[in-house]
Amino acid sequence: MMKKIFLCLSFIIACGSIARSQELALSTNFVDYASLGTLNLEASLGLSQHWSINAGVKYNPFSYETSEETFRLKQRQINAGGRYWPWHVYSGWWFSGLIGYQEYNEGGLLSEITSEGDRFGAGLGLGYTYMLNAHLNLDIGAGFWGGYDIYTSYSCAYCGKILDQGGKFFLLPSNILLALTYIF
């Protein structure tokens with residue numbers, strides 16, 4: 001399902017870029033790489049002077065082991081959204097909205113408790129884009145997202161003893177950005 005959604009969004013962005021290739025941008029967020037190596041990519045398409053749409057993916061398959069513990073922040077995430085640019089697309093301040101899905105498995109950082117599940121939700125963000133040159137920008141921003149989390153919590157990473165499971169609403173920070181963007 002996630003692959004089909006990503007392929008559809010990629011097709012829409014690719015078709016739009018044929019007519020307006022100078023409005024297509026690709027970016028990657030360095031803060032995600034610092035978050036235990038989360039790989040990420042976002043494609044954006046400028047629709048007008050003030051609006052752009054974007055689709056992004058994040059993937060982290062890594063687990064880290066020390067002599068005493070194992071910790072991880074594994075995830076597969078896909079999101080789509082839009083940005084409003086008061087000045088001009090890909091320049092200055094922006095406000096964003098998004099919808100997203102995340103499959104996660106995290107634990108071991110602060111305690112032995114491990115959680116896994118699926119999150120569905122929407123979010124808002126704010127940021128600023130610095131134009132470095134004609135094709136390269138630096139994005140700085142932050143946001144939050146909230147929605148519904150279907151989860152299972154375990155007492156440790158390997159024992160399989162279930163502590164809790166079910167569904168709950170969540171509100172989390174998202175897209176803390178220090179991203180490099182290339183504009184075609």
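Which residue forms a salt bridge with Arg-119, the closest N and O atoms being 3.5 Å apart? The partner is Asp-149, and this pair offers a good way into the structure. The model is a predicted one, in which local features need pLDDT of at least 70, side-chain atom pairs count only at pLDDT 80 or more, and totals for chains, interfaces and linings use all residues. Residues are numbered from 1 along each chain as its sequence is written, and side-chain values use heavy atoms, with hydrogens and water left out.

A general view helps first. The protein has 2 helices and 9 strands, where helices (H or I, at least four residues) and strands (E, at least two) are DSSP runs numbered from the N terminus. Along the sequence, the order of these elements is α-β-α-β-β-β-β-β-β-β-β. Of the 184 residues, 40% are buried; buried means under 20% relative accessible area, exposed over 50%, and partly exposed in between (1.4 Å probe, protein chains only). Contacts (heavy atoms within 4.5 Å) often span the sequence: among those between residues at least 6 apart, 57% join residues at least 24 apart.

Salt bridges come next. The structure contains 6 of them, each defined as a side-chain nitrogen of Lys or Arg within 4 Å of a carboxyl oxygen of Asp or Glu. In the opening pair, Arg-119 belongs to strand β7 and Asp-149 to strand β8 (residues 136-154), so that distant parts of the chain, 30 residues apart, are linked. Both Arg-119 and Asp-149 are buried, Arg-119 with a relative accessible area of 9%. Arg-119 also forms a salt bridge with Glu-106, with 3.4 Å between the closest N and O atoms. Here strand β6 (residues 92-107) supplies Glu-106 and strand β7 (residues 114-131) supplies Arg-119, the two being 13 residues apart. Glu-106 counts as partly exposed, at 24% relative accessibility.

Another salt bridge brings together the side chains of Glu-42 and Arg-83, at 3.9 Å from N to O. Because Glu-42 lies in strand β2 (residues 39-46) and Arg-83 in strand β5 (residues 70-84), the pair ties together parts that are 41 residues apart in sequence. Glu-42 is buried at 17% relative accessibility, and Arg-83 is buried at 9%. Through salt bridges that share partners, Glu-42, Arg-83 and Asp-139 are joined into one network.

Thr-38 shows a polar setting of another kind. This residue sits in the loop between α2 and β2 and is buried, with a relative accessible area of 0%. Its side chain meets that of Asn-60 in a polar contact of 3.0 Å, that is, a pair of N or O atoms within 3.5 Å; within protein, one must be able to donate a hydrogen and the other to accept it, and residues adjacent in sequence count only if both atoms are side-chain atoms. Leaving aside residues up to four places away in sequence, Thr-38 touches Asp-32, Tyr-33, Lys-58, Tyr-59, Asn-60 and Gln-75.

Turning to the surface, the protein exposes about 10,500 Å², with carbon and sulfur atoms supplying 66% of it; accessible areas come from the Shrake-Rupley method with a 1.4 Å probe, and for residues only the protein chains shown count as cover. A nonpolar patch with about 950 Å² of accessible area together includes Phe-30, Tyr-33, Tyr-59 and Leu-132. Patches are made of residues with over 30% relative accessible area and no salt bridge, like charges being joined within 9 Å and nonpolar side chains (Val, Leu, Ile, Met, Phe, Trp, Tyr) within 5 Å. Helix α2 (30-34) and strand β9 (162-183) each supply at least two residues of this patch, while Leu-132 lies in the loop between β7 and β8.
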